[in-house]
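Got your viewer open? Let's take a walk through this one together, one selection at a time.

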Amino acid sequence: RKNNMEIIGDWLSWSNLFYMIGLGVAGYATSVTAKNRNMVIQFGEFIKAVEDGMRDKKLTKAEKDKIMKEALDVAKAFVQSKWKLW
């Protein structure tokens, strides 16, 4: 018959510790992604606007305006994300 320390020792191992750390990191990453989803979407739209604008190596006024709008949307999403955390 095993005593309590032997039973606990069977559960506590390096592989179980790394597994639990991995689960914690994955859970944290999922929650951060869910909270900052709007920021990720806005950043993607900003990158697309820059790519579209730079396709011909020149930026027109309309393209500059669109890029600036998307940059402001990213900044707004970032501020809203931080405000919600506090």
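Before anything else, select R55: is this residue buried or exposed? R55 is exposed, with a relative accessible area of 64%. Now add D52 to the selection, and you'll see the two side chains meet in a salt bridge, 3.0 Å from N to O. D52 is partly exposed, at a relative accessible area of 28%. Side chains of opposite charge can pair when their charged atoms come close.

**Zoom out**

Keep in mind that this is a predicted model. Show the whole chain as a cartoon and you'll find four helices and zero strands, so the pattern along the sequence reads α-α-α-α. There are 86 residues in the chain, and buried ones make up 12% of them. Switch on the surface if you like: the accessible area comes to about 7700 Å², with 68% of that belonging to carbon and sulfur atoms.

Next, colour by pLDDT. The chain's mean is 77, and 77% of its residues reach 70 or more. Which helix has the lowest confidence, and which the highest? Helix 1 (residues 4–11) is lowest, at a mean of 66, while helix 3 is highest, at 83. Where pLDDT is low, the predicted coordinates should not be read in detail.

**Stop at helix 2**

Select residues 14–35, which is helix 2, and pick out L17 in it. L17 is partly exposed, at 41% relative accessible area. Now add F18, I21 and V25: together with L17 they form a nonpolar patch on the surface, with about 390 Å² of accessible area between them.

**On to helix 3**

Move along to residues 37–53, helix 3, and show F43 and F46 as sticks. These two are three residues apart, about one turn of the helix. A search of the whole structure finds one aromatic pair, and you're looking at its rings: the centres of F43 and F46 are 6.2 Å apart and the planes sit at 35°, so the pair is tilted. If you want to see how that is worked out, a pair of aromatic rings is described by the distance of the centres and the angle of the planes. F43 itself is partly exposed, with a relative accessible area of 45%.

Stay in helix 3 and click on Q42. Buried or exposed, would you say? Q42 is buried, at a relative accessible area of 14%. Setting aside residues up to four places away in sequence, Q42 touches E70, D73, V74 and A77.

**Across to helix 4**

Follow one of those contacts to E70, which is in helix 4. E70 counts as buried, because its relative accessibility is 5% and the cut-off for buried is under 20%. What does E70 touch, leaving aside its neighbours within four places in sequence? The answer is Q42, E45, F46 and A49. So you meet Q42 again here, and also F46 from the ring pair.

Now select L72, another resident of helix 4. L72 is exposed, with a relative accessible area of 53%. Draw a distance from its C-alpha to that of Q42: the two are 9.3 Å apart in space, although 30 residues separate them in sequence.

**Hunt for charges**

How many salt bridges does a search of the whole structure find? There are six, and you began the tour at the one between D52 and R55.

For another, go to K61 and D65, both in helix 4 (residues 61–85). Their side chains meet in a salt bridge, 3.2 Å from N to O. The two lie four residues apart, about one turn of the helix. K61 counts as exposed at 61% relative accessibility, whereas D65 counts as partly exposed at 42%.

Then slide along to K69 and D73, which form a salt bridge with their closest N and O atoms 2.7 Å apart. These two are also in helix 4, four residues apart, and that separates them by about one helical turn. K69 is partly exposed, with a relative accessible area of 45%. For the last selection, add K66 and E70: salt bridges that share partners join K66, K69, E70 and D73 into one network. Two of these, E70 and D73, already turned up among the contacts of Q42.

Notes
Residues are numbered from 1 along each chain as its sequence is written. This is a predicted model: local features need pLDDT of at least 70, side-chain atom pairs count only at pLDDT 80 or more; totals for chains, interfaces and linings use all residues. Side-chain values use heavy atoms; hydrogens and water are left out. Buried means under 20% relative accessible area, exposed over 50%, partly exposed in between (1.4 Å probe, protein chains only). Accessible areas come from the Shrake-Rupley method with a 1.4 Å probe; for residues, only the protein chains shown count as cover. A salt bridge is a side-chain nitrogen of Lys or Arg within 4 Å of a carboxyl oxygen of Asp or Glu. Rings of Phe, Tyr and Trp (its six-membered ring) pair if their centres lie within 6.5 Å; planes under 30 degrees apart count as stacked, over 60 as edge-to-face and the rest as tilted. Patches are made of residues with over 30% relative accessible area and no salt bridge: like charges are joined within 9 Å, nonpolar side chains (Val, Leu, Ile, Met, Phe, Trp, Tyr) within 5 Å. pLDDT is the predictor's confidence in each residue, from 0 to 100. Contact means heavy atoms within 4.5 Å.
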